[in-house]
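Please open the model in your viewer, show the backbone as a cartoon, and keep the sequence panel in view. The stops below are meant to be selected one after another.

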Amino acid sequence: MVDNPTPGLSMVPGDVPVTVTREEHHQRALSRYTVAVGGERHIAAELVWCTIGAGKYKGERGIEVRVDGHRVGELTHAMSQRYAALLESGDRVGAEAAVTRDERGLQVTLLLPRNANTVLLTPEPPTERFVPVRQAAATAAVAKSGWRKPVWIGAAVVFAVFVLAGIFGGNEDDPTPSNVAAGETTTTTTFEPPPTTTTTTTTTTTTTTPPPPPPTTTEAVVPPVTEEPVVEPPPPPPPAPKPQCDPNYSGCVPVASDVDCAGGSGNGPEYVSGPIRVTGSDIYDLDRDNDGTACE
């Protein structure tokens with residue numbers, strides 16, 4: 001499980017640890033995944049082609065390591081040649097990386113497959129949230145029809161009231177009483193006893209509701225705008241001091257972009273006189289015969 005997302009990366013299985021070099025030049029990019037001494041975090045790293053810029057292999061093709069799009073180191077020339085087949089597929093190749101800390105600062109170790117011709121895992125597709133066009137159109141139509149429906153229903157009701165009032169009020173013989181108070185409905189029934197027929201006359205008075213009083217205008221009081229003070233972010237922590245001697249060798253081999261044996265054909269920029277015993281990784285390729293002693 002890694003601490004950063006891996007969309008679009010074809011992850012390779014992690015069988016063996018492989019050392020990443022030159023992390024000391026990219027401590028700021030690694031600082032977002034910092035750990036305490038003795039701790040470890042696992043993140044996803046991307047492998048891409050690069051051109052070696054210094055040392056005896058200057059100008060040749062190598063593999064650099066990126067985290068979240070930022071360069072954090074590179075593989076040695078030998079490891080770049082060994083795992084070159086991974087990058088020939090054309091996919092974005094990703095690998096799990098362990099971040100640790102020692103006296104030199106943050107260090108990165110890749111977990112790569114034993115066989116460089118291994119099958120890449122399918123990249124994780126990015127997730128997107130969207131609203132279908134048909135669903136959005138249907139929702140807008142429902143909202144539109146729901147807003148207009150009460151208008152025409154109200155108009156139909158008012159029209160029906162006026163029609164009924166005209167039907168029943170057309171046979172009135174008596175005028176509307178003048179003493180009817182506003183807001184009241186008065187019904188008058190008159191019985192005229194003819195010799196043989198009884199007639200009932202119903203008078204209906206329609207009352208008009210007076211218009212509401214005009215709204216009272218109140219001037220809104222806008223509170224004064226108070227500007228919040230701008231808080232400056234704290235400055236980044238100073239970079240860790242660079243060690244004077246590389247811990248991969250028993251003698252004092254300086255920490256530089258490249259170191260060659262004094263008196264040899266290397267082009268520096270730093271040189272060291274032997275013999276030097278290799279106690280860790282021979283990152284400067286000083287031990288050509290791999291017998292554990294460099295610059296003999």
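Begin with the whole chain in cartoon view, where three helices and 13 strands can be picked out. Bear in mind from the start that this is a predicted model. If you colour the 296 residues of the chain by accessibility, 26% of them count as buried. Among the contacts in the chain with a separation of 6 or more, 62% are made by residues 24 or more positions apart.

**First stop: strands E3, E4 and E6**

Select strand E3, residues 41–51, together with strand E6, residues 93–102, and you will see two strands that run antiparallel and are joined by seven bridges. To find one place where they meet, show Ala45, which stands opposite Ala95 in E6. Now add strand E4, residues 61–67, which pairs with E3 in the antiparallel sense over six bridges. Here a useful residue to display is Glu46, whose bridge partner in E4 is Arg66. While this part of the chain is on screen, select Cys50 as well, which has a relative accessible area of 13% and is therefore buried, the cut-off being under 20%.

**Second stop: strand E7 and its neighbours**

Extend the selection to strand E7, residues 105–112, which a hairpin of two residues joins to E6. E6 and E7 run antiparallel and are joined by seven bridges, and in E7 the bridge partner of Ala97 is Leu110. Then bring in strand E2, residues 16–19, which also runs antiparallel to E7 and is joined to E7 by four bridges. On that side Val18 stands opposite Leu110, so Leu110 is a convenient residue to centre on, because Ala97 also has Leu110 as bridge partner. How much of E7 is buried? Six of its eight residues are, so the strand is largely enclosed by the rest of the structure.

**Third stop: the largest pocket**

Keep E7 highlighted and turn to the largest pocket, which holds about 650 Å³ of space. Of the 34 residues that line this pocket, select Thr21, Thr76, Asp282, Ile283 and Tyr284, which are the closest to its centre. Helix H2, residues 77–82, and strand E7 each supply at least two residues of the lining, and E7 gives the largest share, with three residues. If you colour the lining by class, you should find twelve nonpolar, eleven polar and eleven charged residues.

**Fourth stop: loop residues**

From H2, follow the chain into the loop that leads to E6, where Leu86 is found. Is Leu86 buried or exposed? At 2% relative accessibility, Leu86 counts as buried. Draw a C-alpha to C-alpha distance from Leu86 to Leu47, and the viewer should give 8.8 Å for two residues that are 39 residues apart in sequence.

Next select Asp68, in the loop between E4 and strand E5, residues 70–74. Its phi is near 55°, a positive value in a residue other than glycine, and at 34% relative accessibility Asp68 counts as partly exposed. A second residue of this kind is Asn290, which has a positive phi of about 55° although it is not a glycine. Asn290 is found in the loop between strand E12, residues 276–277, and strand E13, and with a relative accessible area of 66% it is exposed.

**Last stop: the disulfides**

Finally, show the cysteine side chains as sticks, and look for two disulfides. A disulfide is a covalent bond between the sulfur atoms of two cysteines. One joins Cys245 to Cys252, with an S to S distance of 2.0 Å, and with -70° about the S-S bond this link is left-handed. Cys245 is partly exposed, with a relative accessible area of 31%.

The other disulfide joins Cys261 to Cys295, with an S to S distance of 1.8 Å. This pair links distant parts of the chain, since Cys261 lies in strand E10, residues 259–261, and Cys295 in the segment after strand E13, residues 293–294, with the two positions 34 residues apart in numbering. The link of Cys261 and Cys295 is left-handed, with -85° about the S-S bond, and Cys295 is buried, with a relative accessible area of 13%. Numbered in sequence order, the bonded cysteines of the chain pair as 1-2, 3-4.

Key
Residues numbered from 1 in each chain as written. Predicted model: local features only at pLDDT ≥ 70, side-chain atom pairs only at ≥ 80, totals over all residues. Heavy atoms only, no water. 1 Å grid on protein atoms, 1.4 Å probe; cavity = no way out; pocket = protein on both sides within 12 Å on 5 of 7 lines; lining within 4 Å. Points joined across faces, edges and corners; volume = space filled by probe spheres on them. Nonpolar A, V, L, I, M, F, W, Y, C, P; charged D, E, K, R; others polar. Buried < 20%, exposed > 50% of the residue type's maximum accessible area, 1.4 Å probe, protein only. Disulfide = S-S within 2.5 Å. Pairing = 2+ DSSP bridges. Contact = heavy atoms within 4.5 Å.
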